[in-house]
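Hello,

Here is the structure I said I would pass on. My notes follow below it.

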Amino acid sequence: MTKAKRLLLFGLFLSPLVVFLFSLTLGPSHIPLSDLGKTLLSPLVKSWEGAVSPVQRDIIFGIRLPRLLLGLAVGAALSVSGASLQAVFKNPLVNEYILGISSGAAFGASLSIVVLGQVFPPQIGAFGFGLAAVGLVLLVSRGPRFSPVSVLLTGVIISAFFSALLSFVEFFASPYSLQALFYWLMGNLGSAGWDRLVVPLAVMAAGTALLLLMSWRLNVLSLSDEDGRALGLNVKRDQMIVVLTATLVTAAAVSVAGIIGWLGLIIPHLVRMIVGVDNRRVLPLSAVLGASLLVLADDAARSLAAFEIPVGIFTSLIGLPLFILLLTKSAKIWR
Amino acid sequence: MSVSARNLRYARPGFELRVPTFDAADAAITAIVGPNGAGKTTLLKCLSGLWQTAEGTIHVAGTEIGRLTDAERARRLAFVPQEHAAAFNFSVLDFVLMGRTAYLPLFGAPSPADRAIAAEALAYVGFGRPSDRPVFDLSSGERRLVLIARALAQQAGILVLDEPTTFLDPRHETEVMELARRLAEEQGKTVVVTLHNLDLAVRHAGRIVFLKEGRVIADGPPSDILSEDLLRRVYDIPMQIIDHGGRRFIVK
């Protein structure tokens, strides 16, 4: 590995921290870096408590910190899930939504927003129906013909089914609830406070950690199923662990942030173009790069206009041209 | 370590394989030959535990294959597929390292010791190029060597190779068969191969199993069973066996 590349990797691993600190200062009320340090450490250092303005403390701990942590977690979780599913399905075109989780979640959210008012919040509707869609995919595709291809095909079909259900709900929705639904569907990070974040954050952290621990095994799982068995893997069991973990993690992300597109496809590919296909590098680097880029996209989404633009739009607007640029310049990394 | 099968039956629509007895001995090459569709690869994959048999018993190094977990089986028997089907472009070393899978836990990753084993395997098969090369850049001869190196990294006593010489030029063909022979004679491995090239089988195998339409037509050392009559029965075309300088050649 060249010196320049090592430097780049080092920078990538540090990037979430830099982006994190930078983004904390950003917003309608400017907080300089000097105040930021004091405020962040004030719960730990008793003597600083008096020196910190309570307004700044509320802004940082009540508004910006949860949003930033959510951004970092969702960015890492979606990117790592995407990379893991690409390995298990032996297909670089797979993304974290391929098994119908996004259309299931969208339908669940639409039920909540359009039909049931606020009886149950869209977060729970999205989580429940996202999992239900993947469960349905696995149920339909199981049996003797179980294979990555049959699972993918079933995923496409179940997605189409839930999209049709979503259209059905949208057709009968009022313009007001339609707008709320569209806003949710485009993905944004600012909709939830601490009380609704704790459980999804914990799920994303635990699931992402599990996938990171399996990163070498994902190399072997990316070979053909028969090859994996010949090398001594219980292929179906390991595939199931990865698929269920990635699903849970993605569902947790979607439930609090809506559908943020393309991260799980773009980030792992960017990383492979830099470090090759060994998942021991691809997964951790996808985590840090996904976390940094999503938070940067969110910074743009909340500071470019007087109102908030859904961050999902920015991940696509920033990510896709970058992706195309690198794709045309990179060595062959998949068949 | 050896592989044996008794009363093996494998069935899929339109095809049935029956092998009453099969034995592959230590420190020797056992070749399975026969026309396309005879069931050579099927037999190989049943013996390797990759395909489920309908009836019969298979013993791998003395243990019934069904009693072994995937990892236990892979530590005793290594299967070398005809072509590797990786979707991602791994480096040669990372690819060979996957041979260590059966020794690593769910959350494990190869240690420096595993890397040494992989490098040693690459050296043994005579792969002469840098091991950080991507596998998609290799020629088919080199790919075959890398696949064999991956199987060696499994450190199994039994090696099962599916048509290791198909699509290779005469030089690589010879190299692969001589490698198989060294593995049997130097390392005492049980080597089972399917082959299309009868000359290679006659020259290198201690035992040849002739298959046709899912049935065993002949089974034994080449010197005992090889005859023009047998070849005509198996392949349905006349063939001649010519003695030249103590070696036998088959002419179509």
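Among contacts in chain A between residues at least 6 apart in sequence, what percentage join residues at least 24 apart? The value is 76%. Bear in mind that this is a predicted model. It scores ipTM 0.93 and pTM 0.92. For chain B, the average pLDDT is 93, and 100% of the residues score at least 70.

Chain A

Chain A has 14 helices and 0 strands. Along the sequence, the pattern is therefore helix after helix, α-α-α-α-α-α-α-α-α-α-α-α-α-α. The radius of gyration of chain A is 21 Å, and the globule rule gives 20 Å for 335 residues, so chain A is as compact as a globular protein of that length. Taken along the principal axes, the box filled by its C-alpha atoms is roughly 65 × 60 × 40 Å. Of the 335 residues in chain A, 48% count as buried.The contact between the chains

The contact takes 28 residues from chain A and 28 residues from chain B. On chain A, α9 (215-221) and α10 (225-230) each supply at least two residues of the side that touches chain B. By class, that side of chain A has 12 nonpolar, 7 polar and 9 charged residues.

Helix α1 of chain B

Look next at α1 of chain B, residues 40-47. Of its 8 residues, 7 are buried, so this helix is largely enclosed by the rest of the structure. The buried residues are B:Lys40, B:Thr42, B:Leu43, B:Leu44, B:Lys45, B:Cys46 and B:Leu47. Just after α1(B) comes B:Gly49, which takes a positive phi of about 75°.

B:Pro81

Where does B:Pro81 sit in chain B? Its place is in the loop between β6 (77-80) and α3 (92-97). Is B:Pro81 buried or exposed? B:Pro81 has 24 C-beta neighbours inside 10 Å, so it counts as buried; the cut-off is 20 or more. B:Pro81 and B:Leu44 are 37 residues apart along the chain, and their C-alpha atoms are separated by 10 Å. B:Leu44 is one of the buried residues of α1(B). Leaving aside neighbours within four places in sequence, B:Pro81 is in contact with A:Asp227, B:Leu147 and B:Asp162.

Best wishes

How values were computed. Residues numbered from 1 in each chain as written. Chains lettered and ligands numbered in written order. Predicted model: local features only at pLDDT ≥ 70, side-chain atom pairs only at ≥ 80, totals over all residues. pLDDT = per-residue confidence, 0-100. Buried ≥ 20, exposed ≤ 12 C-beta atoms within 10 Å, placed from the backbone. Helix = DSSP H or I, 4+ residues; strand = E, 2+ residues; numbered from the N terminus. Contact = placed C-beta atoms within 7 Å. Nonpolar A, V, L, I, M, F, W, Y, C, P; charged D, E, K, R; others polar. Rg over C-alpha atoms; globule rule 2.2 N^0.38 Å.
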